[in-house]
Every structure is written in structure tokens, then in C-alpha cells.
Amino acid sequence: MQFAPDIPRWRQVAEIIRRRIEDGTYATRTRVPSVIQLTNEFGIAHATAQKVLAGLRREGLTYTEPGLGSFVSERPTKSD
């Protein structure tokens with residue numbers, strides 16, 4: 001992957017995962033890539049991959065179950 005030099009790598013990877021969540025690649029309550037999977041797929045450092053997952057968790061897009069991994073959060077349904 002070619003990273004933009006002026007944006008932190010963790011933000012760029014988080015944006016990719018965010019898009020995958022939005023387009024349904026990672027469905028609600030399914031696992032998102034682990035730190036190890038992120039480091040392998042994107043060629044980023046372990047600490048950078050941790051920042052990706054922490055950022056997505058802060059946004060409420062994912063939640064972490066100790067010993068199991070990180071999963072896509074339920075999204076509130078919009079009522080018309």
C-alpha cells in the first residue's frame with residue numbers, strides 16, 4: 001500500500017477498515033482484523049495497528065471482547 005506522507009498511517013488504515021465496515025465487508029458482530037493481521041496486510045508496526053483498533057473503538061464502530069478480538073458494533077437504526 002502506498003501511504004500519503006502527510007497523514008498518519010494509523011488514520012489511513014483506520015479509514016480503510018471504516019469503509020469496509022460501511023460497505024458490509026465486515027458485517028455487524030463479525031470480527032475485524034487483529035493487530036497481527038493488520039501488520040501483515042498493511043506492513044505497519046504493531047503499535048500502529050493498535051492505534052487503528054483503538055481509534056475505531058473510540059468512534060464506536062467496534063468493540064473488543066478480551067481473548068476473542070474486536071468486532072463490528074451494532075449501529076442504531078434510523079426511524080423515519
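This report describes helix 1, its salt bridges, the strand hairpin and selected loop residues of a predicted model.

## Helix 1 and its packing

Helix 1 covers residues 9-22. With 14 residues at 1.5 Å a residue, helix 1 should span 20 Å, and its end C-alpha atoms are indeed 20 Å apart, so the expected and computed spans agree.

The buried residues of this helix are W10, Q12, V13, A14, I16, I17, R18, R20 and I21. They pack against two other helices, helix 2 and helix 3, and against two strands, strand 1 and strand 2. The list of buried positions includes two arginines, R18 and R20, and each of them takes part in salt bridges described below: R18 with E15, and R20 with E41.

After the helix comes G24, which has a positive phi near 90°.

## Salt bridges

Side chains of opposite charge can pair when their charged atoms come close. In this model the count is four salt bridges.

One of them joins E15 to R18, with the closest N and O atoms 2.3 Å apart. Both residues belong to helix 1 and are three residues apart, about one turn of the helix. An α-helix has 3.6 residues a turn, so residues three or four places apart point the same way. The two partners differ in exposure class: E15 has 30% relative accessibility and therefore counts as partly exposed, whereas R18 has 17% and counts as buried, the cut-off for burial being under 20%.

R18 also forms a salt bridge with E59, where the closest N and O atoms are 2.6 Å apart. E59 lies in the loop between helix 3 (46-58) and strand 1 (62-65), while R18 is in helix 1, so this pair ties together parts that are 41 residues apart in sequence. From C-alpha to C-alpha, E59 and R18 are 9.9 Å apart in space. E59 counts as partly exposed because its relative accessibility is 43%.

A further salt bridge links R20 to E41, again with the closest N and O atoms 2.6 Å apart. Since R20 lies in helix 1 and E41 in helix 2 (residues 35-42), the pair ties together parts that are 21 residues apart in sequence. E41 has a relative accessible area of 41% and is therefore partly exposed. Salt bridges that share partners join E15, R18, R19 and E59 into one network.

## The hairpin of strand 1 and strand 2

Strand 1 and strand 2 run antiparallel and are joined by four bridges. Within this pairing, E65 stands opposite G69 in strand 2. Three residues separate the two strands of the hairpin, and G67 takes a positive phi near 85°.

The model contains one aromatic pair. It is formed by Y63 and F71, whose ring centres are 5.7 Å apart and whose planes meet at 25°, so the pair is stacked; the cut-off for stacking is an angle under 30 degrees. Y63 is partly exposed because its relative accessible area is 29%, whereas F71, at 11%, is buried.

## Loop residue R29

Most residues other than glycine have a negative phi, and most peptide bonds are trans. R29 is a residue other than glycine with a positive phi, near 70°. Its place is the loop between helix 1 and helix 2. At 57% relative accessibility R29 counts as exposed, because the cut-off for this class is over 50%.

## The N-terminal residue M1

M1 is located in the segment before helix 1. Its relative accessible area is 53%, and M1 is therefore exposed. Leaving aside neighbours within four places in sequence, M1 is nevertheless in contact with I16 and F42. Of these two partners, I16 is among the buried residues of helix 1.

In contrast to those contacts, M1 and T28 are 26 Å apart in space, C-alpha to C-alpha, with their positions 27 residues apart in sequence counted as a separation.

Notes:
Residues numbered from 1 in each chain as written. Predicted model: local features only at pLDDT ≥ 70, side-chain atom pairs only at ≥ 80, totals over all residues. Heavy atoms only, no water. Salt bridge = Lys/Arg side-chain N within 4 Å of Asp/Glu carboxyl O. Buried < 20%, exposed > 50% of the residue type's maximum accessible area, 1.4 Å probe, protein only. Expected span 1.5 Å × (residues − 1). Contact = heavy atoms within 4.5 Å. Pairing = 2+ DSSP bridges. Phe/Tyr/Trp six-rings, centres within 6.5 Å; stacked < 30°, edge-to-face > 60°.
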